[in-house]
Amino acid sequence: VYCTKLKGMAQKEKCKETKKAVSKSPSATPASNSNKEDSIFRIPDEDDDGLAQMVSDQNFFRCILVQDIPDSFDRTALYQLFKDFGEIEKLWIHTKTIKNRHGRATIIFKHAEHAELAEAIMNETEIKDRTLQVHIGVPPSERLKASSKREKERQQRKLNKQRENALLFNAMNDDVNAFNVPSFSYFPPSAPNMAVNGYPPFFNGRGRGRGRGRGRGAY
């Protein structure tokens, strides 16, 4: 019986040693790291609009926006560049569009001090042929307010321009009507050679100079 117990204890110790060896083996570590990195990156079903919802007023201070990323950089290269600043919860490169032609990415760190450190060190850093722009974002609510304000200002400028153009066209019509000529019309060939609104006279309906009614020199 005693020998049987010793044999059972020896097998248990051998099993423990085997488990330790497997957990410490080099082949096990890259697999776990790979799985961790895959959870950090964008998955196929995620789009930019959905990922943007991950940045909120409660965690924006842990998020950095990286701009002007070299074209040769993929998500793995970007992760390797920023992983030493601290644990990263999520990282994605934005889809390139007309407005986003030079590469842009969002990185969410687990701790705010890691995001601050990444901003302080990596901002204005030369990477290949680009200069990285790294900044901690602003609260989404403030960003929406600023966007709404810019849109209102743009609409107001558009309205002011329309009113300005209307006044200008009305003034031009009044000047033209003073000569009994239809608005925005051209002078017929029989019209007298007279200057209107400071413009040179018309010569029998033809342009002056080499254009002779066509291209440069024509009025």
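Reader: How do β1 and β3 pair, in the parallel or the antiparallel sense?

Author: They pair in the antiparallel sense, over 5 bridges. For two strands to count as paired, DSSP has to find at least two bridges between them. Before going on, keep in mind that you're looking at a predicted model, where local features need pLDDT of at least 70 and side-chain atom pairs need 80 or more, while totals for chains, interfaces and linings use all residues. Numbering starts from 1 along each chain as its sequence is written, and side-chain values use heavy atoms, leaving out hydrogens and water.

Reader: Fine. Which residues stand opposite T106 and R104 in β3?

Author: L65 stands opposite T106, and Q67 stands opposite R104. Here's the general idea to carry with you: in a regular strand the side chains alternate between the two faces of the sheet.

Reader: Which strand does β2 pair with?

Author: With β3, again in the antiparallel sense and over 5 bridges. One pair to look up there is I93 with its bridge partner A105 in β3. So β3 has pairings with β1 and with β2. β1 also pairs with β6 (residues 133-136), antiparallel over 4 bridges, and I64 stands opposite I136 there.

Reader: Where does that sit in the whole chain: what order do the elements run in?

Author: From the N terminus on, you get α-α-α-β-α-β-β-α-β-β-β-α. That's 6 helices and 6 strands, taken as DSSP runs and numbered from the N terminus (helices are H or I with at least four residues, strands E with at least two).

Reader: How many residues of β3 are buried?

Author: Read that from relative accessible area: buried is under 20%, exposed over 50%, and partly exposed is in between, using a 1.4 Å probe and protein chains only. β3 is mostly covered, with 5 of its 6 residues buried. For the protein, buried residues make up 23% of the 219 residues.

Reader: Now charges. How many salt bridges does the structure hold?

Author: The idea first: side chains of opposite charge can pair when their charged atoms come close. The cut-off is a side-chain nitrogen of Lys or Arg within 4 Å of a carboxyl oxygen of Asp or Glu. By that rule the structure holds 8. Take R62 and E89, whose closest N and O atoms are 3.3 Å apart. R62 is in the loop between α3 (48-52) and β1 (63-67), while E89 is in β2 (residues 88-93), so this pair ties together parts 27 residues apart in sequence. R62 is buried at a relative accessible area of 16%, whereas E89 is partly exposed at 38%.

Reader: What partners does D71 have?

Author: K96 is one of them, with the closest N and O atoms 2.8 Å apart. K96 sits in the loop between β2 and β3 (104-109) and D71 in the loop between β1 and α4 (75-82), so the link spans 25 residues in sequence. K96 is partly exposed, at 46% relative accessible area, and D71 is exposed, at 53%. R130 also meets D71 in a salt bridge, at 3.2 Å from N to O. R130 lies in β5 (residues 130-131), so here the parts tied together are 59 residues apart in sequence. R130 itself is buried, at 12%. Shared partners then join D68, D71, K96 and R130 into one network.

Reader: Last thing, the empty space. How much lies in the largest pocket?

Author: Rolling a probe the size of a water molecule over the atoms shows where empty space is left. On a 1 Å grid over the protein atoms alone, a pocket is an open set of points for a 1.4 Å probe, with protein on both sides within 12 Å along at least five of seven lines; lining residues have an atom within 4 Å of a point. The largest pocket holds about 970 Å³, counted as the space filled by probe spheres on points joined across faces, edges and corners. It is lined by 27 residues, and A52, L65, H94, R104 and R143 are the closest to its centre.

Reader: Which element gives the most to that lining?

Author: α6 (residues 140-177), with 6 residues. Each of α3, β1, β3, β6 and α6 supplies at least two. You've already met L65 and R104 in the strand pairing: L65 opposite T106, R104 opposite Q67.
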